[in-house]
Amino acid sequence: MRAALSALLAALAEGAGGDAGRVLAEAADGSGRPEALPDWGDRVAELLGGDPRVAGAVAAAMERSAPGSAADWYDGDHSDFRGGVFLREVVGVQVVIQQGAAAPEALASLPPRPGGFTGREEETAELLRALDDSAAVLVTAVSGLGGIGKTALAVETAHLACGEGWFPGGVLFLDLHGYDEQPVSADQALQSLLRALGVAPEHIPATADDRAVLYRSVLARRGTVLVLADNASSPDQVRPLLPGEGRHRVLVTSRDRLPQLGARLVPLDQLTPGEAWRVLDLALRIADPEDSRVVDDAEATGQLADLCGHLPLALQIAAALLAEDPGMPVAELAGQLEASRDRLVHLDDGERSVRAAFELSYRRLPPEQARLLRLLALAPGPEVSDEVAAALVGADAPPLRDLRALARAHLVERGNGRGWWRLHDLVRMFGAGLVAGNMRLWEEGEEARQRVLGFYCQRAGEANYRLRWVPSMAAPRHFADRGYALAWMDAERAGLVGAVLWAREERFADTALQLVEVLVTYLNWRRYFDDLITVCHAAQEVAHRTGRRRREATAWNHLGLALRHAGRAEEAVDAHRRARDLHRAAGDGCREAAAWNNLGLALRHASRAEEAVDAHRRARDLYRAAGDGRGEATAWNNLGLALRHAGQVGEAVDAHRRARDLYRAAENRRREGMAWNNLGSALRDAGRLGEAADAHHKALEIYREFEDGFHTGSALHNLARVHEDAHRPAEARTCYLQAAEAFTRGNAPTEAARDRAQAEALTAAPTDKPAPASPPARTTDSAPPALPPPNAPDTAGL
C-alpha cells in the first residue's frame, strides 16, 4: 500500500510541475517539510478533478497514518488507507480514500491462565529472563514431548510478564497446529496476525512476502508486543512471524527443539515427584476443595505419579478420572494402571488422550525414524547404547542421524552418558503398542530382539573371558584389560539382565540361558547379588519348564550361591540340595560334588557347622574319586572353614595347607591366594600371629595382581586383626582404612563401613586396650556348575 501511494505521488508530481510538483515529490520519497504537506492534499484534489472532498480525505488518511511529518507516516513500504473505497484508477493503482472506522484489533488474545498449573519454577524464571526488555533475546523456544506442559508454561509466563507491564502493545496468540494433518502455514498465520492487528481483510496483501512486510511495518508503529506462537512444528512456520524490531518478543512452543531459529532454547523434562504430587492434589481440589484423597494416601499418589511418568497430560487425565468418581481411592486407579497390559488405554478421559498426543508426533516421522522408535521401545534396558541401537536396526554402525532427529523431536532423550539414549516410559509403551498391534511390525521387532540377544551373548562372552583370563590361557582378542571389560559390563548391566528375562519366551530361551552362564562370573565379581538372583530364577524356571535338567541343576546351583551371598542361607541350602539331587539323578559325579561343596557353604552360613563339615568331606571324596585335583582343593579349602567354625582349629590349618598346595600344583594362583588368606585366619586362631601375618601378606599380593577389590579388602581386614592381637593399633588402623577403600572399589559398602568404624574405634581407644574385634573375613570357594577353563578365577564371597 505504501509503495503504491509513493508511486501515485511520484506520478502526480511529474504531471504537476512547479512548486506543487516539488512538494508532491518530497511527499513521495518521505523528505517533505511538515508545513508543506497540507498543500499536497489540495493539489491531489485539483489533479483528480477538483473535488474538494478528496483533499480532506487524503489529508485525513495522511494524518491517520502518522501525524506530524512525512517521516512519521512513511516507512518506504505501506500507507494505511483502512476503511476506504476506490474512486478511480490513477497510474495503474487505486486509491483508498473513504473516511470510516478502523478494523477492530485483537491484541489481548492470550488464553486464560491454565488451571492447576504448579511447579516449573526454574523454567518460568528462565522464560521471564528471556522476555525481559533488557535481554537481547528476540525468540524463545519451549520444547518437549507431547503432553509435557509447554503451552501451559508459556501462557502462565506470558500472564506474569503482562502483569509486570512488559508488553503495552498487547499479546498476539496463535495456535499453529503444527502436528495436525493440516498445519497452519506461515501465510495463513500472517493473515490471522494482520487481522488481529486491525488490518481489514480486503487490505491484506495477496502474497506472503508482502504480508510479512506489512506485518513488520504495523508492529513497528506499536508499543512492545509479545507474539506467542503455540504448537510450531518447523522453523519455516515461525520465521515469517518474527518482528523487524528487537523490542518485541516471540515465544514459541514446539515438540521439536527448533535450534535453526537462533532462539533461546528451553527444553522441558518430566515433572519432579513433588511437582507431580502437587499437580494431582491441586487438580482434585479445584474440582472439590474438600477432596483430600491425594493427601490421605501419599504412597498411592506417588505410585500413580510414577505410572503417569510424571507427564503433566497424563497426571491431568488421572486427576479427571478421579474427579469424576469421587468414591475411587487413589490406590484403586494406580492399581488399574499397574495391572493393565496397555496403560495408555486408561490414560484417556474422553477429551484428552496420551496416546493421541504421541500419535501426532509419530505420524510426522520419516519411515526410518519411525522404525527406530518402535525398535528402541523393545530394548531390554532402561537406556540403549549406540552399539545396541545398531544391533536393533541390524546395522554395522549406530544410526546416529536418526537418533539425533528423534532427540530433537523429544521422542528420544539422551541418556546418562554420551552415546546412550532412553525413552520416556509412556513413549516406550506407545512404541511397543505399535509393534504388538501389527503382525509385520511384530515380526520385525522379534528379529531385532534376536539380534540384540546375539550381540549381548557374543560381547558379554568376550568380557567374561577377559575377567577369567590368566596368563596360562590364550590371550583375549577383545577388551584390552580387565577394567575395560568390567566397565562395559557395568554400563550394559541393566540391559543384560533384561535380555535374560526374554528366556521365558521359547523363541529366545536357548540364547538367553547361554547369556546367564557368561553373566555369573561378572555378577559375582561385582557382588550384584539381587541381579544374580533375578537371572538365576528366570533360568531355573525356563529350564524346568522345557525339561533341560542339566541347565536346571546349574541354575539352582547359581541361585544358591546368590542367595547365600544375599544372607538368605536357608533358601540357599534348599537350592543346593535341588542341584545335588538333579546331578545325582543324571549320574554326574563332578557336578554332584560341586553341589555338595556349595551345600556345605550354605550350611555353615546357616550355623549348621557339623552338617557343613560332612558336606565338604563328601565333596572332597567325590572329587578325589573323579581325579579332579582342582575340585579336591576347593573342598579342602571350604572344609577348613567349616572345621574352624566347629572349633577344630588344628585340623583347619592342615586343611587350608592342603588346599594351598593343590592350587599351587595346578598353577591356579587366584585360588592359591584364597587358601593363603584362610590359612592366615586359622593360624591367627591358633595364636601363631607371625605366620598368620605372612600368610595374609601372601594373599594380599595375589589379590592385588587380579585387581580384586573385595578380596583385597578381605586380606587387609584379616591383617588388621592380626595387628590388633599383636597390640599394634597404629598398623591395625592403617590396614582397616585400606581395607575400607578396597571394599568400596569391590562394591561392598557394608564391609567398607564396618572397617571405617573399626579404624575410628582404634583412634578413640587407649593404645594399651584393643578395640572390639570384628569377625574374620573368610574366603570361600564356590564350586561352579561346570568346569571352567584351567586356572580361571572362581566366584567367591566373604
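Helices and strands, as named in these views, are DSSP runs numbered from the N terminus, with at least four residues (H or I) for a helix and at least two (E) for a strand. The model shown is a predicted one.

**View A. The lining of the largest pocket draws on helices and strands.** Helices α7 (150-163), α14 (312-323) and α17 (354-362), together with strands β5 (225-232) and β6 (249-254), each supply at least two residues of this lining. The lining of the largest pocket is made up of 33 residues, and those that lie nearest its centre are G147, G149, T151, A152 and L313. The space in this pocket comes to about 820 Å³. Rolling a probe the size of a water molecule over the atoms is a way to show where such empty space is left.

**View B. H177 sits in a loop and is in contact with D230.** The loop that holds H177 runs between strand β4 (170-175) and helix α8 (186-196). H177 and D230 are 53 residues apart along the chain, yet a distance of 7.7 Å separates their C-alpha atoms. When its neighbours within four places in sequence are set aside, the residues in contact with H177 are P183, V184, D230 and N231. H177 counts as partly exposed because its relative accessibility of 32% falls in between the limits of 20% for buried and 50% for exposed.

**View C. Three strands form an open antiparallel sheet, and a helix lies across two of them.** Strands of a sheet pair through backbone hydrogen bonds, in either a parallel or an antiparallel sense. Here the order of the strands is β8-β10-β9, and their pairing is antiparallel. Strands β8 (383-385) and β9 (413-414) are the edge strands, each of which pairs on one side only. Between β9 and β10 (residues 420-422) the antiparallel pairing extends over 2 bridges, and R414 stands opposite W421 of β10. Helix α19 (residues 386-393) lies across β8 and β10, and this helix runs at about 85° to β8.

**View D. E632 and R624 meet in a salt bridge.** This view shows one of the 48 salt bridges that the structure holds, with a distance of 3.1 Å from N to O between the two side chains. E632 is buried, because its relative accessible area of 14% is under 20%. Its partner R624, at 42% relative accessibility, counts as partly exposed.

**View E. Helix α31 carries a salt bridge between R658 and D654.** The closest N and O atoms of R658 and D654 are 3.3 Å apart. Both residues lie in helix α31 (residues 649-665), where 4 residues, or about one turn of the helix, separate them. R658 is partly exposed at 41% relative accessibility, and D654 is likewise partly exposed, with a relative accessible area of 39%.

**View F. R660 forms a salt bridge with D661.** The closest N and O atoms of R660 and D661 lie 3.1 Å apart. The relative accessible area of R660 is 13%, and R660 is therefore classed as buried, whereas D661, at 37% relative accessibility, counts as partly exposed.

**View G. Salt bridges link a group of residues into a network.** The residues joined in this network are E443, E446, R449, E505 and R507.

Notes. Residues are numbered from 1 along each chain as its sequence is written. This is a predicted model: local features need pLDDT of at least 70, side-chain atom pairs count only at pLDDT 80 or more; totals for chains, interfaces and linings use all residues. Side-chain values use heavy atoms; hydrogens and water are left out. Two strands pair if DSSP finds at least two bridges between them. Contact means heavy atoms within 4.5 Å. Axes are lines fitted to C-alpha atoms, for helices over the stretch in contact, and angles run from 0 to 180 degrees between N-to-C directions. A salt bridge is a side-chain nitrogen of Lys or Arg within 4 Å of a carboxyl oxygen of Asp or Glu. Buried means under 20% relative accessible area, exposed over 50%, partly exposed in between (1.4 Å probe, protein chains only). On a 1 Å grid over the protein atoms alone, a cavity is a set of points where a 1.4 Å probe fits but cannot get out, and a pocket is an open set with protein on both sides within 12 Å along at least five of seven lines; lining residues have an atom within 4 Å of a point. Grid points are joined across faces, edges and corners, and a volume is the space filled by probe spheres set on the points.
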